[in-house]
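I opened this one with two things to look up: what sits in the cores, and how one particular strand is placed. Notes follow as I went.

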Amino acid sequence: PVQIPISAINVTTNAGAYYYAMSADLVNDGRIKPTNTLVRYCSCCTGLHQPFWVQLTLDKIYIVERVLIVGDLDYRMGYTNTTVSMGLLEESLQEKQFTSDFEDIRLTPQRKIQIVRVTKSDNDSFTVLCEIMIYRQADCPIGKYSVNCSLQCHCLVGPCDGVTGACQSGVCEEGWKGNACNEKCGGVLTDPVGVITSPNFPQNYNNSERCTWVINAPEGSRINVTFTDFEMYAVWEECEYADYLEFFNGPNASSPSIGKYCGTALPMGFNSQSNSLRLVLITNQHLTYKGFRLTYTFSTQDCPLGSYSVNCSKKCHCRVGPCDSVTGACGNVDCKDGWKGITCNETNVIADEDTKQSSTIIWITTTIGLCLLIVGVVTIACLCIRRKKSTNINILYDRF
């Protein structure tokens, strides 16, 4: 156990000091160590007129394992009819009889405590108390809290409070909510019809929520989503610095995002383009609103040939077959003439012009080549005819 420091303890009493140098605050001044189990003539002790109570109030609730009370040997008769009480401010204190001039109280199991009080009911003389030391449970490992570190917290970053489980960062891991981030928020849904609401709906959701739902429909099915209520904190339409609900076309955080929804306008319904849908609710630490309520159903409807995306609202131009209903990618990676891109939805005007220009050049080149060929053939023919005529004339001269 770890001793709770003096600075975290406030000492009060209802009685006066027996001697001016024996005030109540000396019962927790740290000058007597835990090894001093028996003390004689402790000049740094508290001496109070009977009857009395002296109370040590901690600055917060601790899980306490041990309370050590050290008395004075020479005043041991003054400890009869003395009780030690401990507990929380808002609860009744549990009492234990003080039996000697040295009391070592071991709490099994450990308890949540904010008050330790010593009470003397006799009215004989005075009582001397040398020191009251309180020991808390050692720090829990990250992700654990409560008595014996028996409970688990799910903070996004850092440890949680060892007593309450509250996350120091104030933000829970995805799928968890609550002060200690130990309440499930979201889940996996496989029913063909269902309703999803924000935490506390129709009351306001909490700050710092991170809830994730995954809806899984049978293979080949689609998921139809319809909103019935929607009110979430927003500053701008783009959902920046806002509380928002985001949808993904698939079960994973890496699945294509359908979009973020925030503000108070009721979103339009839509159909998923795969058999899984992921919903993520993120809230910040500003204002909170009523949240949302939606219904979902399974269906087997698919996009017609040449369409894809949410509500089949986008066009693809694959040369053969359909495109992917989510991404629009053509399976054969071959677009129709005049189209390009992974989804074949980008016009290819420059390529068309280049093709036309190339065709024109080829046509001109071919035409010129044919013309030259024809001219050459005609020229050769003319030469052959002239040579033949010349030969015939020479033959006639020879005969005469």
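I started from a single pair: Phe247 in β17 has Leu279 in β20 as its bridge partner. A reminder to myself that this is a predicted model.

From that pair I widened out to the two strands. β17 and β20 (residues 276-282) run antiparallel, and I find 5 bridges between them.

Next I checked for another partner of β17. Strand β18 (residues 257-261) is also joined to β17, again antiparallel, through 4 bridges. One pair I noted there is Glu246 with Lys260 of β18.

Then I asked myself: how many residues of β17 are buried? I got 5 of 5 for residues 244-248, so to speak a covered strand. Looking at the faces, I see Tyr244, Glu246 and Phe248 buried on one side, and Leu245 and Phe247 buried on the other.

On to the cores. The largest nonpolar core has 39 residues, and the members touching the most others are Val54, Val67, Ile69, Val84, Met86, Leu129 and Ile134. Which strands feed it? I listed β2 (9-13), β4 (52-71), β5 (82-87), β7 (102-120) and β8 (126-136), each giving at least two residues. β4 has the largest share, with 10 residues.

I picked Val67 for a closer look. Skipping its neighbours within four places in sequence, I find Val67 in contact with Met86, Glu103, Asp104, Ile105, Val116, Ile132 and Met133.

Last entry: there is a second, separate core of 25 residues, and its members include Tyr205, Cys211, Ile215 and Tyr296.

Notes:
Residues numbered from 1 in each chain as written. Predicted model: local features only at pLDDT ≥ 70, side-chain atom pairs only at ≥ 80, totals over all residues. Heavy atoms only, no water. Core = buried A, V, L, I, M, F, W, Y, C linked by side-chain atoms within 4.5 Å. Buried < 20%, exposed > 50% of the residue type's maximum accessible area, 1.4 Å probe, protein only. Contact = heavy atoms within 4.5 Å. Pairing = 2+ DSSP bridges.
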